[in-house]
Structures are given as C-alpha cells and as structure tokens.
Amino acid sequence: MYSEAVLDHFSNPRNVGELDGANAVGTVGNAKCGDIMKMYLKIEDGIITDAKFKTFGCGAAVATSSMATEMVKGKSVEDALKLTNQAVVEALDGLPPEKIHCSVLAEEAIKAAIADYYEKQGLDTTGILGCGGNCAQCCGHHHE
C-alpha cells in the first residue's frame, strides 16, 4: 500500500521537532480529519537554512511533512513557494489516493510558514496562501 520511501520517512522522519531560532512558522490542518502540521523555517538572506516540523496525524502525514522539509532546506524562498503537493508525492514514490490530502497539507504548511515570514518582514503575502478549492481532497476544511 505504501512505498518504501513513505515507510522510511514515517519510520525515520527527518527534521522532527521545534526549531530554535525559526523566523517562519505556519500551522495548517483540520481537527476533523485529524491531520495538523506545524512547519518551522529558518530563513537567512532569502535561503531556507533549516526546517523542522511537528505533525499530528497518520503515517502519510508524517512522511509528507518529513519529505517537504527535506525538499525546501537549502532552497530560496521563491523556489520553496513553487513546491507542489505533486512534487512531494513523486518524491515519496506515490501515495494512496485517500492520502493525497496529506501532501496538500505539507505544501500548505510550507506556504503558511513563508507567509508568516513575509508578514514579519512587512512584505505582501497576496498569492502565497490559498487553496485549490478541492475541499473534499483537503479534509473538507472551510474557507473563511
């Protein structure tokens, strides 16, 4: 059911915990479906120098959080904003259809953290946050 990469990132997650000195923090999720992700980023001169996460959820949620942090470390903020849930799924060699929402949350958590950083820098966050509108895929979260 799960790829070796998913099992590896679930059994041996990378970058777990709070990040001392994080200047970008984002939390996404929905208590109804049970998956909540908190991403911590340390950004220096436009580069993500470190990333950590805390996730409450299933194995796929942990694996996608772990993979997403690995994928953005060392990248520019601009490149990290281009991270898609599909890229996370591909890096994990696939996810079952009913677990795709976990990859969506990982993408959204990275973007939420970057939006937090932009807000702290007095920069425009327009276009960073948002969702594709496929609420059934995203645990039915509500738009405010």
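Which residue in strand 2 is the bridge partner of valine 25? The bridge partner is tyrosine 40, and the two strands involved, strand 1 and strand 2 (residues 35-44), pair in the antiparallel sense over seven bridges, where pairing requires that DSSP finds at least two bridges between the strands. This is a predicted model, in which local features need pLDDT of at least 70 and side-chain atom pairs count only at pLDDT 80 or more, while totals for chains, interfaces and linings use all residues. Residues are numbered from 1 along each chain as its sequence is written, and side-chain values use heavy atoms, with hydrogens and water left out.

Along strand 1 (residues 24-30), Ala24, Gly26, Val28 and Asn30 point to one face and are buried, whereas Val25, Thr27 and Gly29 point to the other and are not; buried means under 20% relative accessible area with a 1.4 Å probe, protein chains only.

Threonine 64 lies in helix 2 (residues 59-72) and counts as buried because its relative accessibility is 0%. The axes of helix 2 and helix 5 (residues 100-120) come within 9 Å and cross at roughly 40°, which means that helix 2 is oblique to helix 5, a term for angles that are not under 35 degrees, over 145 or from 65 to 115. The residues making this contact (heavy atoms within 4.5 Å) are listed below.

| Helix | Residues in the contact |
|---|---|
| Helix 2 | Ala60, Ala61, Thr64, Ser65, Ala68 and Val72 |
| Helix 5 | Cys102, Ser103, Ala106 and Ile110 |

Apart from residues up to four places away in sequence, threonine 64 touches Met37, Val88, Leu92, Leu95, Cys102, Ser103 and Ala106.

Notes: Buried < 20%, exposed > 50% of the residue type's maximum accessible area, 1.4 Å probe, protein only. Helix = DSSP H or I, 4+ residues; strand = E, 2+ residues; numbered from the N terminus. Axes fitted to C-alpha atoms, helices over the stretch in contact; angles between N-to-C directions.
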